Amino acid sequence: MGNSKSGALSKEILEELQLNTKFTEEELSAWYQSFLKECPSGRITRQEFESIYSKFFPDSDPKAYAQHVFRSFDANSDGTLDFKEYVIALHMTTAGKPTQKLEWAFSLYDVDGNGTISKNEVLEIVMAIFKMIKPEDVKHLPDDENTPEKRAEKIWAFFGKKDDDKLTEEEFIEGTLANKEILRLIQFEPQKVKERIKEKKQ
């Protein structure tokens, strides 16, 4: 693996990532350079990932959410992300197809990795999301979703599940694709908020 020291991305990985994502060679090369600056070893530990994540959300506490995101992308469960896992993560959360994004979202919500989601797992992720929402933004949320408990309750009700029921990946993806409200409730997309603000300014 001499290429990681030279600061160049191997042709094989570059081609594979271009094939599997919508990112350009220029974007991938630039990200690789900044990736190596942050992580000279060529791998990101969970702590480093949390630190990088917190730079994206300076006004909130993204630690809990970052831990879940890291877990969902550590494909081989070795406690680190290499550049490939990192880019696939970026792609899945930003530019992936709806079903790809939902497969990732399912793995995010399936906290114990047993292949189904419980109401408690939904609550755990929603609580992590709430830590990233600014207090003044929480005030503007509708009454039936302005606490993690209420939002988890609302999500679970949309799926028509009883408290101790479980949700399979198929049910999760089909239900979310069929209902935009679920999609809105399960996500945390600050970028969307920024885009709306931009539109209002124009």
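Which side chain of opposite charge is nearest to E85, and how far away is it? In this predicted model, the answer is R43, at 4.4 Å, and E85 is buried yet has no salt bridge. Because a salt bridge requires a side-chain nitrogen of Lys or Arg within 4 Å of a carboxyl oxygen of Asp or Glu, the 4.4 Å that separates E85 from R43 leaves the pair outside the criterion. E85 is placed in helix 6, which spans residues 83-94, and, when residues up to four places away in sequence are not counted, E85 touches R43, F73, D74, A75, N76 and T80.

The surroundings of E85 can be followed further through T80, one of the residues that E85 touches. T80 belongs to strand 2, made up of residues 80-82, and is buried, with a relative accessible area of 14%. The side chain of T80 makes a polar contact with the side chain of R43, at 2.7 Å; R43 is thus the partner of T80 in a polar contact, as well as the side chain of opposite charge nearest to E85. Leaving aside neighbours within four places in sequence, T80 is in contact with R43, I44, T45, F70, D74 and E85.

F70, in contact with T80, and F73, touched by E85, are both among the buried residues of helix 5. This helix, residues 63-73, is mostly covered, with 8 of its 11 residues buried, namely A64, Y65, A66, H68, V69, F70, S72 and F73. The loop between helix 5 and strand 2 contains S77, which counts as exposed at 63% relative accessibility. Phi of S77 is near 50 degrees, a positive value in a residue other than glycine. Most residues other than glycine have a negative phi.

The wider fold comprises 13 helices and 4 strands, and 39% of the 202 residues of the chain count as buried. Among contacts between residues at least 6 apart in sequence, 58% join residues at least 24 apart. The largest nonpolar core has 52 residues, and those with the most contacts inside this core are Y65, Y109 and F172. Domain 1 (13-96) and domain 2 (98-188) both give residues to this core, so the core lies between them. In soluble globular proteins, nonpolar side chains tend to be buried together. Of the residues with the most contacts inside the core, Y109 touches I117, E121, V122, I125, V126, I129 and I186, when residues up to four places away in sequence are not counted.

F172, another residue with many contacts in the core by the same ranking, is buried in helix 11, as are I173, G175 and T176. The cover over the buried residues of helix 11 includes helix 7 (98-109), strand 3 (116-118), strand 4 and helix 12 (180-186).

Charged side chains are paired elsewhere in the chain, where the count comes to 12 salt bridges. Side chains of opposite charge can pair when their charged atoms come close. One of these pairs involves helix 11, where E171 forms a salt bridge with K161, the closest N and O atoms being 3.1 Å apart. E171 lies in helix 11 (residues 169-178) and K161 in the loop between helix 10 (148-158) and strand 4 (166-168), so the pair ties together parts that are 10 residues apart in sequence. E171 counts as partly exposed, at 32% relative accessibility.

Further salt bridges centre on E145, a residue that is buried with a relative accessible area of 0%. The side chain of E145 meets that of R151 in a salt bridge at 3.6 Å, N to O, and both of these residues are buried. E145 also forms a salt bridge with K154, for which the closest N and O atoms are 2.7 Å apart; K154 is likewise buried, with a relative accessible area of 15%. These residues take part in a network of salt bridges that links D144, E145, R151, K154, E181 and R184.A last local feature concerns T24, which lies in the loop between helix 2 (11-20) and helix 3 (25-38). T24 is partly exposed, with a relative accessible area of 35%, and its C-alpha atom is separated by 9.3 Å from that of L14, 10 residues apart along the chain.

Terms used:
Residues are numbered from 1 along each chain as its sequence is written. This is a predicted model: local features need pLDDT of at least 70, side-chain atom pairs count only at pLDDT 80 or more; totals for chains, interfaces and linings use all residues. Side-chain values use heavy atoms; hydrogens and water are left out. Helices (H or I, at least four residues) and strands (E, at least two) are DSSP runs, numbered from the N terminus. Buried means under 20% relative accessible area, exposed over 50%, partly exposed in between (1.4 Å probe, protein chains only). Lys and Arg count as positive and Asp and Glu as negative; His and the chain ends are not counted. Contact means heavy atoms within 4.5 Å. A polar contact is a pair of N or O atoms within 3.5 Å; within protein, one must be able to donate a hydrogen and the other to accept it, and residues adjacent in sequence count only if both atoms are side-chain atoms. A nonpolar core is a set of buried Ala, Val, Leu, Ile, Met, Phe, Trp, Tyr and Cys residues joined through side-chain atoms within 4.5 Å. Domain bounds come from an automatic or database domain assignment.
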